[in-house]
Structure formats: C-alpha cells, structure tokens
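Please open the model in your viewer and keep the sequence panel at hand. The stops below each begin with a selection and then describe what is there.

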Amino acid sequence: PIWVLIAESRLDELRALVSSEFDFRKLVRLCEELNIASREECHFATAMLTRALLDHVPPIFGKKNFDEVASQYGGKSFKGTMQHLQNASRNVADGHLHQQIRKSESLPTAQQVTCVQQLDSLLEEIVRVTREKGPTK
C-alpha cells in the first residue's frame, strides 16, 4: 500500500514556521517531494530525498551533520529514534546511489526506503524548537 510519508498537518506546521535564522522553503519542498515520490512509487527518489533532508537540517539543531544530531541532540529516546533514522535511511540510500549495474537486480520497495515514524519525530522536533526560539533570535 502507498501512504503519505509526511502528514499534511506536519507540512502545515512547517509552512507556518517563522524564524530569523532559517528559511524553511527548501525543507518544505523536500517534504512535498517525498510525498510525491512515495505516492508515485518512486522508491529510489524516496531514499535519496530522505538522505537530502537529513543532510539539510543539522543547523537547526546547532550541529554540523546529521550524525551529530543523532548522537548529541536531545534525550535518550530522541537520540535512539534519530540514530535509527540515520543508520537505516543512509545505508539504504547509499546502497541505491552507489551500486553499479549488475547482471541481476532487485528493485526497492516502499517498506525498504521509508522511515515514516522517525521522519515525523524529526520534523516534530524541528517545529517545536523553532517555535520555542520564536520568530526573532
């Protein structure tokens, strides 16, 4: 079954964010494109867009890369969730991005390339910390 990766309600929250530090238009568009890729069963694109999203958001958390977010930001539960997102999504995306043509191929499935719960937890935290900081620094 095909499902929406990013809930429309979460996208609405992201679209409404106001920050003097960050412009969220690219993040919103990455999320929109993730939903398009999922709906159209573009599993390679889903994996790659997820990786792009993870590479895009670390400055929101004051980190240089997503590995730092996953290992240094938040409490134990959030870290565990982000480590799962980091490891699962990055390994899958890397496998699809860097695997050269072979004699026999097997194509990815939606189940392989999606981390719906972990992505939503990440986006939820982005909304929370941005609202907490307020529109001005």
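Select leucine 85 and display what surrounds it: leaving aside neighbours within four places in sequence, leucine 85 is in contact (heavy atoms within 4.5 Å) with Leu54, Phe66, Arg90, Cys115, Gln118, Leu119 and Leu122. The model is a predicted one, in which local features need pLDDT of at least 70 and side-chain atom pairs count only at pLDDT 80 or more, while totals for chains, interfaces and linings use all residues. Residues are numbered from 1 along each chain as its sequence is written, and side-chain values use heavy atoms, with hydrogens and water left out.

Leucine 85 is found in helix H5, where helices are DSSP runs of H or I with at least four residues, numbered from the N terminus. At 0% relative accessibility leucine 85 counts as buried; here buried means under 20% relative accessible area, exposed over 50%, and partly exposed in between, with a 1.4 Å probe and protein chains only. If you draw a C-alpha to C-alpha distance from leucine 85 to alanine 70, the two are 8.3 Å apart in space and 15 residues apart in sequence.

Next, select leucine 122, which touches Leu53, Leu54, Val57, Phe61, Phe66, Phe78, Met82 and Leu85 when residues up to four places away in sequence are not counted. Leu122 is also, with Leu53 and Ile126, among the residues with the most contacts inside the largest nonpolar core, which has 32 residues. Such a core is a set of buried Ala, Val, Leu, Ile, Met, Phe, Trp, Tyr and Cys residues joined through side-chain atoms within 4.5 Å. To see where this core draws its residues from, colour helix H1 (8-16), H2, H3, helix H4 (66-72), helix H5 (76-98) and helix H7 (116-133), each of which supplies at least two of them.

Now keep H5 and H7 in view, whose axes come within 9 Å and cross at roughly 125 degrees. The axes are lines fitted to C-alpha atoms, for helices over the stretch in contact, and angles run from 0 to 180 degrees between N-to-C directions. H5 and H7 are therefore oblique to each other, given that angles under 35 degrees count as roughly parallel, over 145 as roughly antiparallel, 65 to 115 as roughly perpendicular and the rest as oblique. Where they meet, Phe78, Thr81, Met82, His84 and Leu85 of H5 face Gln118, Leu119, Ser121, Leu122 and Glu125 of H7. The residues of this contact of H5 with H7 divide into five nonpolar, four polar and one charged, where Ala, Val, Leu, Ile, Met, Phe, Trp, Tyr, Cys and Pro count as nonpolar, Asp, Glu, Lys and Arg as charged, and the others, Gly among them, as polar.

Hide H7 and bring in H3, which packs against H5 at an angle of about 125 degrees with the axes 9 Å apart. H3 and H5 are therefore oblique to each other. The contact is made by Phe44, Ala47, Met48, Thr50, Arg51, Leu54 and Asp55 of H3 with a set of H5 residues including Leu85, Ser89, Val92 and Leu97. By class, the residues of the contact of H3 with H5 are eight nonpolar, five polar and four charged.

Staying with H3, add H2: helix H2 (residues 25-39) and helix H3 (residues 43-56) pack at an angle of about 165 degrees, with their axes 9 Å apart. That makes H2 roughly antiparallel to H3. Among the residues of H2 in this contact are Leu27, Leu30, Cys31 and Leu34, and among those of H3 are Ala45, Leu49, Ala52 and Leu53. The contact of H2 with H3 has nine nonpolar, four polar and two charged residues.

Finally, turn to the loops. Glutamate 41 lies in the loop between H2 and H3, and its phi is near 60 degrees, a positive value in a residue other than glycine. Glutamate 41 is partly exposed, with a relative accessible area of 48%. Glutamate 40 is placed in the loop between H2 and H3 and is exposed, with a relative accessible area of 52%.

For the last selection, go to threonine 114, in the loop between helix H6 (110-113) and H7. Is this loop residue, threonine 114, buried or exposed? Threonine 114 is buried, with a relative accessible area of 15%, and C-alpha to C-alpha it is 7.3 Å from threonine 46, although the two are 68 residues apart in sequence.

Terms used
Helices (H or I, at least four residues) and strands (E, at least two) are DSSP runs, numbered from the N terminus.
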